[in-house]
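Thanks for coming. I will put the model up and then go through the two chains in turn.

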Amino acid sequence: MMLSRTADHLYWMSRYLERAENLARLLDVSFSLSLLPQSKGARAEMSAPLVITETLQQYNTRHDTLSAQTLFDFMALDRDNPASIVSCLKLARENAHAVRGKIPVEMWENINATWLQAKQLPSAVNVGEFFDWVKERSHLFRGVAYGTVLRGDAYSFVRLGTFVERADNTARLLDVKASLMDSGHGVDDFYAWSALLRALSAYEAYLELYREPPNAQSVTELLLLSPRLPRSLRASMEAICKILAQIEGEDSRVAQRDANAIRNELHFVRADEILRFGLHDYLNQRLIDINTLGERIYDAYLKAA
Amino acid sequence: MHRIHPPLAGCFDEMLADDGETRGHYRDFLQWLTAQSPETLGQRRHEAELLFHRVGITFAVYGDDSGSERLIPFDTIPRILPASEWQVLEVGLRQRTAALNAFLHDIYHEQHILRAGLVPAEQVMVNNQYQVAMQGLDLPHRTYAHIAGVDVIRHADGGYYVLEDNLRVPSGVSYMLENRKMMMRLFPELFARYAVAPVEHYPSLLHDTLREATHADNPTVVVMTPGHYNSAYFEHAFLAQQMGVELVEGRDLFVERDHVYMRTTAGPRQVDVIYRRIDDIYLDPLVFRADSMLGVPGLLSAYRKGNVILANAIGTGVADDKSIYPYVPEMIRFYLSEEPVLNNVPTWQCRKPDELSHVLAHLHELVVKEVHGAGGYGMLIGPKASRADIDDFRARLLADPANYIAQPTLALSTCPTFVDEGIAPRHIDLRPFVLSGKDVRIVPGGLSRVALTRGSLVVNSSQGGGTKDAWVLEA
């Protein structure tokens with residue numbers, strides 16, 4: 001049992017941190033793809049992050065050209081872009097600030113320090129180093145959560161935020177490649193799939209599990225359906241179902257039902273069926289499901305009125 | 001070597017006596033201090049600043065958009081109080097808050113003190129801090145000010161004077177606790193040399209006080225904050241966490257059939273005691289300010305039915321008002337039949353024509369304050385003011401005399417403090433926190449504020465003041 005508003009702040013605190021991390025991963029894969037020598041549609045690869053975060057229009061009103069540098073400035077550092085990495089870190093910090101009495105001091109210090117460092121970033125920051133820094137801060141956050149938060153509702157809502165956001169983001173990341181595939185653009189080869197796997201820290205796992213070069217079917221299977229890969233959609237849904245079962249709520253049955261429906265779909269579907277259906281369309285369906293699940297969670301626990 | 005500047009003429013210095021000798025209770029400290037290299041101490045001060053920043057012990061300054069959060073400067077030289085002096089202070093603080101609580105009970109019931117003619121009735125009844133809604137309401141243990149932050153200063157004569165009784169929502173206790181934690185972290189060796197009375201158990205005493213403020217069994221206590229943009233939000237969150245209770249905002253609470261509930265992930269849960277850190281007028285939009293988004297509709301009705309306790313009670317401001325302050329010694333004699341232990345500062349009430357003319361003739365040597373003012377805003381410090389400032393203030397005073405009181409400019413005692421020119425005397429005060437319930441509880445010490453500007457007498461953090469750890473030595 002905890003205040004609904006507190007639960008809401010904890011949930012969004014970790015959602016925004018997870019989002020910052022995944023944005024770093026998304027930009028990382030787009031940059032690597034656009035740098036490939038055989039890339040014919042560098043523009044398509046580079047605009048993918050804008051399409052996925054639904055900020056393309058906003059970008060166009062601010063910038064005339066699309067270059068790696070302007071994209072990075074806009075998506076990573078621009079504090080006026082509410083979807084940028086730095087904005088996510090700020091929002092995470094604001095949510096943490098509102099419940100700082102409810103989280104361990106070390107967790108607050110971690111989030112606050114991340115924001116203070118983000119504010120002092122040089123404008124000429126190295127792109128790769130920046131992505132690594134964002135990922136590292138996010139790893140630290142999860143570590144401090146795992147190592148210091150009392151097991152109970154607060155921990156549940158922190159974890160819930162992480163996995164709901166990750167489920168959404170993993171699906172969107174895979175969609176970068178899926179939409180390029182569909183539109184006939186892009187590099188449909190070993191390098192493209194490898195870059196995606198690396199962005200999701202899944203490259204080593206892939207090598208261990210598969211004896212073939214990365215391809216649409218094997219990568220789809222690993223990133224969407226594997227219960228063992230920590231950033232896969234299936235693993236995120238398993239975690240969400242487990243957490244929801246533990247939180248006592250006013251009307252939590254609907255949220256549990258919807259979460260289990262998504263999990264079951266991923267449990268029984270096969271990768272070749274997904275590709276026949278169309279990867280982009282399939283991902284779109286799941287993104288709608290996850291969005292609805294977010295609303296159910298809000299109704300069940302977080303609504304302050 | 002450290003450059004230690006001599007004490008200011010005409011002021012009591014906490015460390016150095018007039019003959020330049022170190023006072024007994026500072027001797028060990030000074031010996032330790034001179035053995036430290038300035039570099040080491042500079043490094044420690046830097047470390048303290050980093051830690052305060054990282055922990056986010058900041059406060060927001062009203063009317064300052066740029067740096068919405070600032071650190072309150074922390075000085076590493078403690079204010080040390082010998083046990084003998086603290087014992088007297090503690091007796092005086094207990095006496096004073098007991099009399100103030102008795103006064104509040106009295107004026108919201110039979111009003112004996114008004115009928116005895118000791119306090120003018122109009123001073124109470126037309127005071128805008130007086131709340132009609134409190135009339136006839138019985139509170140457990142007759143406690144109105146569960147938490148009081150009494151501002152005490154030491155004058156040039158070496159005696160302690162009470163400057164203000166803060167009975168509404170006094171703040172600063174979190175800095176007292178964090179300052180001690182910081183000193184113990186930076187200079188553990190000092191705590192081996194000195195037996196410093198602990199203050200760390202304050203949150204547990206506060207929780208005890210709040211729990212016994214109600215007759216309910218196993219009560220649910222919450223801390224109520226205006227929200228995280230409030231200047232003292234850090235403290236609200238800190239106290240809630242230290243007591244292990246929920247930190248709520250108005251929108252987290254609702255009233256149903258005259259009971260107060262909070263909205264939780266598992267449904268509504270009844271609340272018995274609200275340690276509220278918002279002013280009276282924002283508590284209930286149905287009764288006070290209708291445009292307040294911070295309060296809870298119906299709260300006052302639940303309160304009057306006795307179904308929830310507010311700490312502090314509504315309407316305590318009538319007792320810490322500067323127009324009532326001159327009567328506190330009278331209250332002590334009237335309710336407790338005792339002589340006051342702590343001094344009151346002589347006060348001229350400008351609403352009285354003869355006292356006003358005295359004030360007007362001596363503006364250049366007096367401190368003039370607004371009756372309802374706080375935080376060091378809207379006051380004139382005669383000796384420090386320019387001729388133009390004085391003329392300007394004279395006009396305001398004449399326009400509304402009843403809104404002002406005047407006091408002699410007190411030479412607040414000084415304590416050596418790290419500043420740009422080395423270690424120099426700066427003016428300080430002390431705010432001990434008095435908890436009243438079935439028992440009165442006080443942790444030894446309090447928040448010591450320091451005016452960092454040379455010669456300044458304004459210690460308020462909103463006016464650039466800093467803080468120090470205050471040590472009460474064990475007997």
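Among contacts in chain B between residues at least 6 apart in sequence, what percentage join residues at least 24 apart? The figure is 69%, where two residues are in contact if their C-beta atoms, placed from the backbone, lie within 7 Å.

Some housekeeping before I go on. This is a predicted model, in which local features need pLDDT of at least 70 and side-chain atom pairs count only at pLDDT 80 or more, while totals for chains, interfaces and linings use all residues. Residues are numbered from 1 along each chain as its sequence is written, and chains are lettered from A and ligands numbered from 1 in the order in which they are written.

Chain B, then. It has 14 helices and 23 strands; helices (H or I, at least four residues) and strands (E, at least two) are DSSP runs, numbered from the N terminus. Its radius of gyration is 23 Å, close to the 23 Å from the globule rule for 475 residues, so chain B is as compact as a globular protein of that length. That radius is taken over C-alpha atoms, and the rule is 2.2 Å times the number of residues to the power 0.38. The C-alpha atoms of chain B fill a box of roughly 70 × 60 × 50 Å along the principal axes. Of the 475 residues, 45% count as buried. Buried means that 20 or more other C-beta atoms lie within 10 Å of the residue's own; exposed means 12 or fewer, and partly exposed is in between, with C-beta atoms placed from the backbone.

The domain assignment for chain B, which is an automatic or database one, gives domain 1 (201–311) and domain 2 (346–408). Their C-alpha centres lie 38 Å apart.

Some local detail, starting with helix α9 of chain B, residues 233–243. Of its 11 residues, 10 are buried, so the helix is largely enclosed by the rest of the structure. The buried ones include B:F234, B:E235, B:H236 and B:M243. Just after α9(B), B:G244 takes a positive phi of about 70 degrees.

Next, strand β8 of chain B, residues 253–256. Here B:L253 and B:V255 point to one face and are buried, whereas B:F254 and B:E256 point to the other and are not. In general, side chains in a regular strand alternate between the two faces of the sheet. β8(B) runs antiparallel to strand β9 of chain B (residues 259–264), joined by 4 bridges; two strands pair if DSSP finds at least two bridges between them. B:E256 stands opposite B:H259. The two strands form a hairpin with 2 residues between them, and B:R257 in the turn has a positive phi of about 45 degrees.

There is another hairpin further along, made by β18(B) and β19(B), also with 2 residues between the strands. Residues 414–419 and 422–427 pair there in the antiparallel sense over 6 bridges, and B:T417 has B:A424 as its bridge partner.

One single residue: B:I309, in strand β12 (residues 309–311) of chain B. It counts as buried because it has 25 C-beta neighbours inside 10 Å. B:I309 and B:V273 are 36 residues apart in sequence, yet 4.7 Å apart in space, C-alpha to C-alpha. Leaving out residues up to four places away in sequence, B:I309 touches B:A213, B:T214, B:D272 and B:V273.

Now chain A. How many helices and strands does chain A have? It has 15 helices and 0 strands. With a radius of gyration of 19 Å, close to the 19 Å that the rule gives for 305 residues, chain A is as compact as a globular protein of that length. Half of the chain is buried, at 50% of the 305 residues.

On to the cores. A nonpolar core is a set of buried Ala, Val, Leu, Ile, Met, Phe, Trp, Tyr and Cys residues joined through C-beta atoms within 7 Å. Of the 202 residues in the largest one, A:A20, A:I85, A:L196 and A:I240 touch the most other members. Helix α1 of chain A (residues 4–35) gives the most to this core, with 15 residues. Apart from this core lies another, of 12 residues, among them B:C350 and B:Y404.

Last, the contact between the chains. It takes 22 residues from chain A and 21 residues from chain B. On the chain A side, the largest share, 5 residues, comes from α6(A).
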